[in-house]
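Here is a colleague's note to read alongside the chain, written for someone who is meeting such models at an early stage. Please keep the structure open and look up each residue as it is named.

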Amino acid sequence: MIDFIEKRKYFYAFSGTLAFLSVLAIALWGLKLGIDFVGGTEMEFKIGDDVSITKDVLCAKIEGGCASDFTVLESQSEHGRSIFVRYKSSDEVFNQKVLAAVKEIDSTTVQLKSDFIGAMVSTQLKSNAAKAILFSIIAILLYIAWAFRKISVPVSSWYYGISAVVALAHDILITIGVFAFLGHFYDHEIGVPFIAALLTILGYSINDTIVVYDRVRENMLKTRAVSNFHDMVNKSLNETLARSINTSMTVIIVLIPMVLFGGESLFNFSLALLIGVAFGTYSSIFVATALVVTIYHMQQKYREQQARA
């Protein structure tokens, strides 16, 4: 049996380094926001089955070219093959140039919609996204504290919840940090799907943490090993290690082809999930569980100091 808990300082150092680099990337570069958050125009065109329209092809046809924020995403909808053209402006003259360029490439093209997302809507989206993430984290904290109330000795169930939330923040922070890096060096923009990916990461990561915590609860109720908490937690972690890794690997095996072959429209969503699931598995084992033991040792040390005083 490997004593992972004994080596927790190494995991803290690794996680702390990644978290610091992520904060640095976010502070220096920030996230490159798509039109969902900053406003802009989205047009949808139905195109022929044998036509391929990429950003480079379309920009070459548009009079005067197009800006770096111009994106073209291909999709299969109820209307057949479609492309979504998005850019951060609301210039009607430019819209007509885009329409003319698409028709020049495919004369059978039909414009299905042309929407403008205003600044007010974008601000509301940002606010709602932040509220959704904050509400989810608070709800998770309260639920774990309630679910593990039967093992409030030697560590309060609130600390299980706090440790899990710290691990979740770790997963989200690293994922955002990676996208700050990608946005700065590779022009990757984030939109509403990125927020959906972050919320999915919250749900998946806490699922892994609950598996380990649940085994701790089982062993605690079975053995009442209050005085040997460190070893009991480490034993629980070893017992669930294979299950956690195998479960995550099945998800990762699905996500890798999505990242590689899912196309531009799925890339950011599937990449965020891949990063979040990988770090969620790591943090549930080496951060969330280890933190509970660290809190236990801190409490023990405090009680000993109080007894000597």
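The numbered points below go through some helices and some single residues in turn.

1. Before anything else, please bear in mind that this is a predicted model, and that every value below should be read as a value computed from that model.

2. Let us begin with helix H1, which runs over residues 8-29 and holds 22 residues. At 1.5 Å a residue, a helix of this kind should span 32 Å, and since its end C-alpha atoms are 31 Å apart, the expected and the actual span agree.

3. Which residues of H1 are buried? They are Arg8, Phe11, Ser15, Ala19, Ser22 and Ala25. These residues cover an arc of only 125° around the axis, and therefore they lie on the same side of H1. On the other side of the helix, Lys9, Tyr10, Phe20, Ala27 and Leu28 are exposed.

4. Two further details belong to H1. Leu24, which also lies in this helix, has a relative accessible area of 36%, and it is therefore partly exposed, a class that falls between the limits of 20% and 50%. Its C-alpha atom is separated by 8.1 Å from that of Gly177, although the two residues are 153 residues apart along the chain. After the helix comes Gly30, whose phi is positive, with a value near 65°.

5. Now turn to strand E3, which covers residues 80-87 and contains Arg86. Is Arg86 buried or exposed? Its relative accessible area is 18%, and because buried means under 20%, Arg86 is counted as buried. Leaving out residues up to four places away in sequence, Arg86 touches Ile35, Asp36, Thr41, Glu42, Asp69, Phe70 and Thr71. With one of these, Glu42, there is a polar contact of 2.7 Å between the two side chains. The C-alpha atom of Arg86 is also separated by 9.6 Å from that of Asp115, which is 29 residues away along the chain.

6. Lys61 is found in helix H3, which runs over residues 55-61. With a relative accessibility of 39%, Lys61 counts as partly exposed. When its neighbours within four places in sequence are left aside, Lys61 is in contact with Ala101, Glu104 and Ile105. The C-alpha atoms of Lys61 and Ala100 are separated by 8.7 Å, and these two residues are 39 residues apart along the chain.

7. Helix H6, which covers residues 157-186, contains Ser163. What is the relative accessibility of Ser163? The value is 1%, and Ser163 therefore counts as buried. A polar atom of the Ser163 side chain lies 2.7 Å from the backbone oxygen of Tyr159. Apart from neighbours within four places in sequence, Ser163 is in contact with Tyr213, Ala288, Leu291, Val292 and Ile295.

8. H6 can also be looked at together with helix H7, which runs over residues 192-223. The axes of H6 and H7 come within 10 Å and cross at roughly 145°, and this crossing is right-handed. Among the residues that meet here are Ser163, Leu168, Ile172 and Phe179 from H6, and Leu198, Ser205, Thr209 and Tyr213 from H7.

9. H7 also crosses helix H8, which covers residues 229-261. At what angle do the axes of H7 and H8 cross? The angle is roughly 145°, and the axes come within 9 Å; the crossing of H7 and H8 is right-handed. The contact is made by residues that include Tyr204, Asp208, Arg215 and Met220 of H7, together with Phe229, Met232, Glu239 and Arg243 of H8.

10. Lastly, Gln299 is found in helix H9, which runs over residues 264-308. With a relative accessibility of 18%, Gln299 counts as buried. Not counting its neighbours within four places in sequence, Gln299 is in contact with Pro154, Val155 and Tyr159. As a link back to an earlier point, Tyr159 is also the residue whose backbone oxygen lies 2.7 Å from a polar atom of the Ser163 side chain.

Key. Residues are numbered from 1 along each chain as its sequence is written. This is a predicted model: local features need pLDDT of at least 70, side-chain atom pairs count only at pLDDT 80 or more; totals for chains, interfaces and linings use all residues. Side-chain values use heavy atoms; hydrogens and water are left out. Helices (H or I, at least four residues) and strands (E, at least two) are DSSP runs, numbered from the N terminus. The expected span of a helix is 1.5 Å times one less than its number of residues. Buried means under 20% relative accessible area, exposed over 50%, partly exposed in between (1.4 Å probe, protein chains only). The arc is that of the directions from the helix axis to the C-beta atoms. A polar contact is a pair of N or O atoms within 3.5 Å; within protein, one must be able to donate a hydrogen and the other to accept it, and residues adjacent in sequence count only if both atoms are side-chain atoms. Contact means heavy atoms within 4.5 Å. Axes are lines fitted to C-alpha atoms, for helices over the stretch in contact, and angles run from 0 to 180 degrees between N-to-C directions. A crossing is left-handed if the near helix is turned anticlockwise from the far one by less than a right angle, and right-handed if clockwise.
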